[in-house]
Amino acid sequence: MTPDAGAPSRERIAEAAGRLRGVARRTPLLSSPYLDEIAGRPLWVKAECLQHTGSFKFRGGWAALTALPEGTKGVLTYSSGNHAQGVARAAEMLGLPAVIVMPHDAPAQKRNNTAAMGAEIVGYDRHGEDREAIGGPMARERGLHLVKPYDDPDVIAGQASVGLEIAEQAAEAGIAGGTVIVCCGGGGLTAGTALAFEEAAPGFTVRPAEPDGYDDVTRSLAAGHRMANQARPPSLCDAILTPVPGEITFPIMHRLCGPGLAVTDDEALHAMALAFARLKLVLEPGGAVALAAALFHGDALADGPVIAVATGGNVEADIFAEALRRFPV
């Protein structure tokens, strides 16, 4: 058992990986000499944008829902879109009702995809209302199991399967160690990946990557305690605009991760254009910040190879077109 309060044990992570085997996709680890040249080092991209529902979030959703006790009436969660879709898809596959608390300004594609999988959507104002204050009481009133987007041991255990896969694929490719950059919101994937590497690939260091203005994890890691985002400026990276690191995830990240990295929206758009041109991947801005950090912030990285996790590809057509227009390659 890890020493971090609430963190999933190695056994729980292994059990989650077992339940995901044959259900989740084993997404590829891709490379391009052109991207290596920009990054100034060997660079690989873990293409979780090719996962079911277009992001790694299906892993945590499936792991959490398949761990529920028999007789569960349904589930409730809050999300701007990717966790919503992951939980909605898992609930649809398992025949469970799902209620999703989503901000009114969530991308239309994510809202529509979530609804298409049979989930009930409850809207809220992300700038004036607290999604947890809405979701918690609603779950209790309806008798639904609350599946938090990142501060849930089974969700973290499911996301850890990304790290286990990277460890296997890196060994197959002869990559003994290096830096793994993860797009980070509340820290479920970052913490899960770090926990997976602790035993399976100790030669890798996990670095969280965030949008400028939403660098709460970066600042929290530097300060040694959880710090919230105060100003919350507009950002294209809707998938990872969380207010504060998770209570469960932060101690894990503080113990196991290197310093955080922050990138601009323009850098995320540039990374999206490069991923499409060189790897034929479609990324959303929030799913491209790890790649942006690898490409444009090499001076903040240790020497050696880098693996960037491309966490999601659920992008609105106009934003994707803007990335290709502004950064032709």
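In what order do the four strands of the open sheet stand, and is the pairing parallel or antiparallel? The order is S5-S4-S3-S6, and the pairing is parallel.

Before you click around, a word on the model. It is predicted, so to speak of local features a pLDDT of at least 70 is needed, and side-chain atom pairs count only at pLDDT 80 or more, while totals for chains, interfaces and linings use all residues. Residues are numbered from 1 along each chain as its sequence is written, and side-chain values use heavy atoms, with hydrogens and water left out.

**Stop 1: the open sheet**

Helices (H or I, at least four residues) and strands (E, at least two) are DSSP runs, numbered from the N terminus. Two strands pair if DSSP finds at least two bridges between them. Select strand S5 (120-124) and strand S6 (145-146): they stand at the edges with a single partner strand each, so one side of each is left without a neighbour in the sheet. Now add strand S4 (residues 98-103), which runs parallel to S5 and is joined to it by five bridges. For a spot to zoom in on, try Pro103, which stands opposite Tyr124 in S5.

**Stop 2: strand S10**

Next, pick residues 306-310, strand S10. Five of its five residues are buried, so S10 is largely enclosed by the rest of the structure. Buried here means under 20% relative accessible area, exposed means over 50%, and partly exposed is in between (1.4 Å probe, protein chains only). Show the side chains: Val306, Ala308 and Ala310 point one way, Ile307 and Val309 the other. In a regular strand the side chains alternate between the two faces of the sheet.

Who are the partners of S10? S2 runs parallel to S10, with five bridges joining them, and Lys46 stands opposite Val309. Strand S7 (residues 178-183) also pairs with S10 in the parallel sense, over four bridges; there, look for Val180 opposite Ile307.

**Stop 3: past S2 to helix H3**

Follow the chain into the loop between S2 and helix H3 (57-65), where you'll meet Thr53. Thr53 is not a glycine, yet its phi is positive, about 65 degrees. Carry on to H3 itself: nine of its nine residues are buried, so H3 is largely enclosed by the rest of the structure. Among the buried residues are Phe58, Arg59 and Trp62. Their cover includes helix H1 (10-20), strand S3 (75-78), helix H4 (82-94) and helix H7 (153-173).

**Stop 4: helix H11 and its end**

Jump to residues 265-279, helix H11. The expected span of a helix is 1.5 Å times one less than its number of residues. The 15 residues of H11 should therefore span 21 Å, and its end C-alpha atoms are 20 Å apart, which agrees. Its buried residues include Glu267, Met272 and Leu279. They pack against several elements, including strand S9 (261-263), helix H12 (285-296) and helix H13 (317-326); contact means heavy atoms within 4.5 Å.

Right after H11 comes Lys280, in the loop between H11 and H12. Lys280 has a positive phi near 60 degrees, though it is a residue other than glycine. Is Lys280 buried or exposed? It is exposed, with a relative accessible area of 60%.

**Last stop: Val329**

Finish in the segment after H13, where Val329 has its place. At 47% relative accessibility, Val329 counts as partly exposed.
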